[in-house]
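Me: Hi! I've got a structure open and would love some help reading it. Can we go through it together?

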Amino acid sequence: MPRNLLLSTAAACVLLATGAPAAAPQFDTPAKVAYLYDVNSGAVLYAKNPDAHMPPASMAKMMTTEVAFELIDKGQLSPNKICTVRPETWQKWHAQGSTMFLSPNEQVSVDNLIKGVVTLSGNDAAVVLAECIAGTEQAFTGQMNALAKKIGVTNSHFGTANGWPDNGVTYVTARDLAKIAQATIEHHPTLYKKYYGLPSFTWGKTMGAGKDITQENRNPILGHVRGADGLKTGHTDEAGYGFTGSAEENGRRLIEVLAGMESWNQRVQESTRLIEWGFNAWNDKPLFKSGAKVGTADVQMGSSSEVPLVASRDLAVTVPAGLASGATSMKIRYDGPLIAPIAKGQEVAQLIVTTGDTPPQVVPLVAGDDVGRAGFFGRIWLGLKQLI
């Protein structure tokens, strides 16, 4: 059954409010959908229709890229693998929306296709990459949906590799797009830095003169907001203008999602406003260092009757700027007692931090030790203890 354990006064004393309760700073945007998430604390700083189904347009390509990154990091896909542009794929996508300017039967590496997807938002590049990895785009979208489920994307579905309108088969939510962005940043940091921060990419030749075609990265905050390093824009007539972006400042990372905007300029303005507001109107306050013991959880049928709960990374709470603190309570939540065996580092609980009138902030806690399953006689003894 769910268990909620208030932390001891000694553990929480450094976080108790020293003044008035924390009041959430106010923000508004004309974007139909907006979401701002503090990765360090797990705090949702702003949410406007975060779980509404919407067409992702090219923001779907983040999931395409996430599949490629997952395969590369597992050693199942080489960035040097050569892919062939099928004439049928070229015919369909060479003039359909954003393009990498691929040519029929062209030989192009996975590495360059990923650059074409991320930097140029090439619809052709996304489909060629999908076909190269899985044989068909349909088979690849199966991989997209399977991996999406694995990383906690629960309210979205992918029917294309590039996000082109498909009569509602493909849909996402802002909250899910933020989860995809976070998974890419945290699970594949080297690949994320290599591909998402490119300011421009050159591929293809102009007709007639045969000059190289260089296109700028469409990311509206890259090079304009300090610490901006990703991710992906999107635009179709159906979806309007959208953007999923991230920036890191002084070790603090924010992820933003906006959608349903009316113009390119509005996307630039609102994406800049939202993430700068997140950095300026809110501060992170340290909670626990990585590896620090936060509490304990009861264990059933294990070699130990309890397991320490520790921070898997540096944990923080987000409070309005200008307040020395603002956290009024902390509690540990888990479904317990936990059932052995339990692996060290396994996520088994959550730390819930409440700060005034802001939404509760939820951060994961992991097992600090391995807890094996009790042996036969140990289980008998545990049963007797419970009877007593």
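Me: Which residues touch the most other members of the largest nonpolar core?
Reply: Met63, Met100, Leu113 and Ile114 do, out of 59 residues in that core. A nonpolar core is a set of buried Ala, Val, Leu, Ile, Met, Phe, Trp, Tyr and Cys residues joined through side-chain atoms within 4.5 Å, and buried means under 20% relative accessible area (1.4 Å probe, protein chains only). Another core, of 25 residues, lies apart from it and includes Ala297 and Met330.

Me: Anything to know about the model itself?
Reply: This is a predicted model, where local features need pLDDT of at least 70 and side-chain atom pairs count only at pLDDT 80 or more, while totals for chains, interfaces and linings use all residues. Residues are numbered from 1 along each chain as its sequence is written, and side-chain values use heavy atoms, leaving out hydrogens and water.

Me: New topic: how many disulfides are there?
Reply: The structure holds 1, counting a pair of cysteine sulfur atoms within 2.5 Å as a disulfide. Cys83 is joined to Cys132, with 2.1 Å from S to S.

Me: Where do the two cysteines of that pair sit?
Reply: Cys83 is in strand β4 (residues 82–84) and Cys132 in helix α5 (residues 123–134), 49 residues apart. Helices (H or I, at least four residues) and strands (E, at least two) are DSSP runs, numbered from the N terminus.

Me: Are they buried or exposed?
Reply: Both Cys83 and Cys132 are buried.

Me: And what is the handedness of their link?
Reply: The link of Cys83 and Cys132 is left-handed, with -75° about the S-S bond.

Note on methods. Buried < 20%, exposed > 50% of the residue type's maximum accessible area, 1.4 Å probe, protein only.
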